[in-house]
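Trainee: I should like to take a close look at a single part of this model. May we go through the sheet and what surrounds it?

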Amino acid sequence: MQIYTIGGPDCTPRSTSHIDLLRAAEYNAGMELMGKVVVVTGASMGIGEAIAKVFADHGAGVVMLSRDAGRVEAARTRVGHPERTLALSCDVRHREDIDRAVSLTMHHFQRVDVWVNNAGHGLLDSVAELEMAACRDMLDTNFFGAVSAMQAVIPVLRQQGGGTIINISSVAGHIPMPFHAAYSATKFALNAIGKAARVELKRDGVHVLTVCPGYVRTGFSENAGRGKDVKQVRPGSVRGISAERVARATLKGYLKRKREVIVPWTMHIPVKFYQLIPGVVEWAMGRMAG
Ligand SMILES: NC(=O)c1ccc[n+]([C@@H]2O[C@H](COP(=O)([O-])OP(=O)(O)OC[C@H]3O[C@@H](n4cnc5c(N)ncnc54)[C@H](OP(=O)(O)O)[C@@H]3O)[C@@H](O)[C@H]2O)c1
């Protein structure tokens, strides 16, 4: 028997087993997420919005958080599924905002199964020129915000007998990026805390996944802070991947209970290179920075 994928005139026949496997994976994802509640920080745009959408599309209840109530409500409208999504204002730099988001989620859905620490921004500057106030502010969001949220949600997950924490880190958490060094430092720190917590929380049935995207086409660059010494260390030819691709990889990593997802997979190459022969990677980045 031949089955045709949807796609118009150029649709190609595929074997039943391939399609069956895809359908089975979709079905399993739907079954796994039905009735689950997912909270996403920084969900008003970009990767956070895409993660909220992919989980909602697979049947989960989703709580979307961002600093701006209007912006995150607009994102909720784009995500759809109004009957099982909620948008709340929450600045992850303030523990009281996080606690309020947890208690409103419990009030509305009576549970939290997955907490995604996605809120974050960049800061482009050299180490020599870096403004300390801007650096601390970024740490407050990218690192302390995630740690505060973990501390707020771990007791809930423990009480429920398990759950998942997903930290959206970066390839910059594996390769220190010149002229984006402080941002890299926040992501190295996030990788360390997530991977250590994974071991600590295993006995409680709480799973921790770290997601490390490479360059993603979002408003991230425009939303990054800019200091005095801004230089690009990404080849101009790199177009980046979509936020939706990161979201799909995150969902897959969650379903497979992975410890880490690096997306796109080609980013494993520079990460491995940096571990084995860091001098070569440093030389290449130095050339790009001019
Ligand atoms: N784009 C990339 O190339 C890339 C690559 C690797 C990793 N990442 C990581 O992916 C995550 C999402 O980035 P993105 O590309 O989607 O960037 P983005 O489009 O600029 O989105 C950032 C999100 O974070 C929220 N946010 C910022 N500060 C916040 C705070 N203090 N409290 C709560 N929410 C806050 C923003 O919402 P409001 O402004 O509405 O509060 C927005 O929803 C970040 O952690 C980033 O480091 C991005």
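Trainee: Which residue in S11 is the bridge partner of Pro 213?

Mentor: The partner of Pro 213 is Val 263 in S11. Please bear in mind that this is a predicted model. The bridge belongs to the pairing of strand S9 (residues 206-213) with S11, which runs in the parallel sense over 4 bridges. That pair sits within an open sheet of 7 strands, ordered S5-S4-S3-S6-S8-S9-S11, with parallel pairing. At the edges are strand S5 (85-89) and strand S11 (260-263), each of which pairs on one side only. From one strand to the next, the twist averages 15°.

S9 also leads to helix H6 (residues 181-201), whose buried residues pack against S9, strand S8 (163-168), strand S7 (123-124) and H5. Those buried residues include Ala 182, Tyr 183, Leu 190, Gly 194 and Leu 201, and Lys 187 is also one of them. H6 has 21 residues and reaches 30 Å from its first C-alpha to its last, close to the 30 Å expected at 1.5 Å a residue.

H5, one of the elements against which H6 packs, brings us to the ligand. Helix H5 (132-160), helix H2 (46-57) and helix H7 (220-223) are the elements that give two or more residues to the shell around the ligand. H2 gives the most, with 3 residues. In total, 30 residues surround the ligand, and the closest are Gly 42, Gly 46, Arg 67, Gly 120 and Phe 220. By class, the shell has 15 polar, 10 nonpolar and 5 charged residues.

Definitions and conventions. Residues are numbered from 1 along each chain as its sequence is written. This is a predicted model: local features need pLDDT of at least 70, side-chain atom pairs count only at pLDDT 80 or more; totals for chains, interfaces and linings use all residues. Two strands pair if DSSP finds at least two bridges between them. Axes are lines fitted to C-alpha atoms, for helices over the stretch in contact, and angles run from 0 to 180 degrees between N-to-C directions. A residue is near a molecule or strand if its C-beta atom, placed from the backbone, lies within 6 Å of it. Ala, Val, Leu, Ile, Met, Phe, Trp, Tyr, Cys and Pro count as nonpolar, Asp, Glu, Lys and Arg as charged, and the others, Gly among them, as polar. The expected span of a helix is 1.5 Å times one less than its number of residues. A residue is buried if 20 or more other C-beta atoms lie within 10 Å of its own, exposed if 12 or fewer, and partly exposed in between; C-beta atoms are placed from the backbone. Two residues are in contact if their C-beta atoms, placed from the backbone, lie within 7 Å.
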